[in-house]
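Dear colleague,

Please find below the structure that I am handing over to you, together with its sequence. My notes on what was found in it follow directly after.

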Amino acid sequence: MSSLPILRVKGLSISFGGLRALKDVSFEVGEGGIFSIIGPNGAGKTTIFNCIGGQCRPDAGTIHFRNKEITRFKPHRVASLKIARTFQNMGLFPQMTVLENVLVGRHIHTSGGIFKAAFTLNRRCAGEEIAQRRAADGVIDLLDLTPVRDKPAGGLPYGTKKLVELARAMAMKPELLLLDEPSGGMNIREREELKGRIKNIAVSMDITVIVVEHDMNLVMDISDMVLAVNFGEKIAQGTPEEIRRHPEVVRAYLGKEAKK
């Protein structure tokens with residue numbers, strides 16, 4: 001993992017209707033590896049993602065990606081920098097097949113728009129369409145989704161839908177991948193498989209991954225660094241072992257001091 005930060009967040013603050021969601025949150029993410037953000041419900045984890053991804057504009061603070069300030073970029077501009085994300089509430093197109101959903105993630109690599117590249121019958125676009133389908137099939141194969149490639153996404157089990165959303169994000173060929181509660185709705189076996197998938201994405205594909213996750217076992221098993229937040233504020237940052245024993249983190253989750 002490089003010591004140079006791929007992402008720098010400084011003094012991030014935002015309120016909604018007078019309710020403070022984030023207050024002066026700062027952290028850096030080194031290039032390569034897996035960086036996780038943890039905290040109780042309502043701690044501000046997803047709001048951090050929304051600020052990075054352009055879904056929210058902070059009241060104060062700055063966000064830099066590869067030394068380029070992106071604080072007030074809209075989502076499509078963020079995506080054009082090869083920053084991809086998944087969401088807690090998935091936005092799959094239920095009537096479209098898995099392949100068609102993943103092709104939507106290829107839109108930044110097409111010249112004809114999101115749906116034209118996927119469905120056009122224009123001969124001029126045929127070569128591009130074939131290339132995009134091959135790229136999408138590569139991601140589908142990587143995530144073991146080939147058996148459901150041609151099935152409508154809406155009829156799939158919840159855990160499989162989460163993988164389809166991950167595939168769609170991966171289809172963008174991101175340099176920074178933001179995963180918001182990737183294990184949500186998965187059973188124990190699926191969560192164990194997900195650990196290996198995330199590690200493989202970070203290591204073999206050289207993608208920096210930031211994970212927001214409630215499953216502490218998953219976080220501690222896959223993370224290089226962990227940021228803990230509570231009530232919209234940063235309370236700790238360090239290695240998984242340091243975070244596991246940090247008294248502020250223990251209080252946030254258990255309401256008591258860690259045992260010596």
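**Cavity and pocket**

The structure holds 1 cavity of 30 Å³ or more. Please bear in mind throughout that this is a predicted model. The volume of the largest cavity is about 50 Å³. Its lining is made up of T86, K162, L163, E165, L166, L179, P182 and L194. Helix α6, which spans residues 158-170, is the element that gives the most to this lining, with 4 residues. Sorted by class, the residues that line the largest cavity are 5 nonpolar, 1 polar and 2 charged.

The largest pocket contains about 400 Å³ of space. It is lined by 20 residues, of which A79, R85, F87, H107 and M172 are the closest to its centre. Four elements are to be named here: α2 (75-80), β6 (83-85), α4 (114-119) and α6 each give two or more residues to the lining of the largest pocket. The most come from α2, with 4 residues. By class, the lining of this pocket has 12 nonpolar, 5 polar and 3 charged residues.

**The chain as a whole**

The protein chain has 10 helices and 10 strands. It comprises 260 residues, and 50% of them count as buried. Among the contacts in the chain with a separation of 6 or more, 64% are between residues 24 or more positions apart.

**The sheet of four strands**

One open sheet is formed by 4 strands in the order β2-β1-β4-β5, and the pairing is antiparallel. The edges are taken by β2 (19-30) and β5 (68-69); each has a single partner strand, so one side of each is left without a neighbour in the sheet. Within this sheet, strand β1 (residues 5-16) pairs with strand β4 (residues 60-65) in the antiparallel sense, over 5 bridges. Opposite R8 stands H64 in β4. Helix α1 (residues 45-53) lies across β1, β2 and β4, and runs at about 70° to β2.

**The sheet of six strands**

A further open sheet has 6 strands in the order β6-β7-β8-β3-β9-β10, and its pairing is mixed. At its edges are β6 and β10 (233-238), each of which pairs on one side only. From one strand to the next, the twist averages 15°. The pairing of β6 with strand β7 (residues 176-180) is parallel and extends over 3 bridges. R85 in this pairing stands opposite L178 in β7; R85 is also among the residues closest to the centre of the largest pocket.

Two helices that pack on this sheet should be mentioned. Helix α1 touches β3 (34-38), β6, β7, β8 (208-212) and β9 (225-230), and its direction makes about 145° with that of β7. Helix α6 touches β6 and β7, and its direction makes about 160° with that of β7.

**Helix α1 and its surroundings**

Helix α1 thus appears in the account of both sheets: it lies across β1, β2 and β4, and it packs on the sheet that includes β3, β6, β7, β8 and β9. How much of this helix is covered? Helix α1 is mostly covered, with 8 of its 9 residues buried. The buried residues are K45, T47, I48, F49, N50, C51, I52 and G53. Just after the helix, G54 takes a positive phi of about 90°.

**Residue L156**

A final point concerns L156, which is found in the loop between α5 (126-142) and α6. Is L156 buried or exposed? L156 counts as buried, because its relative accessibility is 9%, and the cut-off for buried is under 20%. Leaving aside neighbours within four places in sequence, the contacts of L156 are with V98, V148, K151, K161 and V164. L156 and P94 are 62 residues apart in sequence, while their C-alpha atoms are 9.1 Å apart in space.

With kind regards

Key: Residues are numbered from 1 along each chain as its sequence is written. This is a predicted model: local features need pLDDT of at least 70, side-chain atom pairs count only at pLDDT 80 or more; totals for chains, interfaces and linings use all residues. Side-chain values use heavy atoms; hydrogens and water are left out. On a 1 Å grid over the protein atoms alone, a cavity is a set of points where a 1.4 Å probe fits but cannot get out, and a pocket is an open set with protein on both sides within 12 Å along at least five of seven lines; lining residues have an atom within 4 Å of a point. Grid points are joined across faces, edges and corners, and a volume is the space filled by probe spheres set on the points. Ala, Val, Leu, Ile, Met, Phe, Trp, Tyr, Cys and Pro count as nonpolar, Asp, Glu, Lys and Arg as charged, and the others, Gly among them, as polar. Two strands pair if DSSP finds at least two bridges between them. Contact means heavy atoms within 4.5 Å. Axes are lines fitted to C-alpha atoms, for helices over the stretch in contact, and angles run from 0 to 180 degrees between N-to-C directions. Buried means under 20% relative accessible area, exposed over 50%, partly exposed in between (1.4 Å probe, protein chains only).
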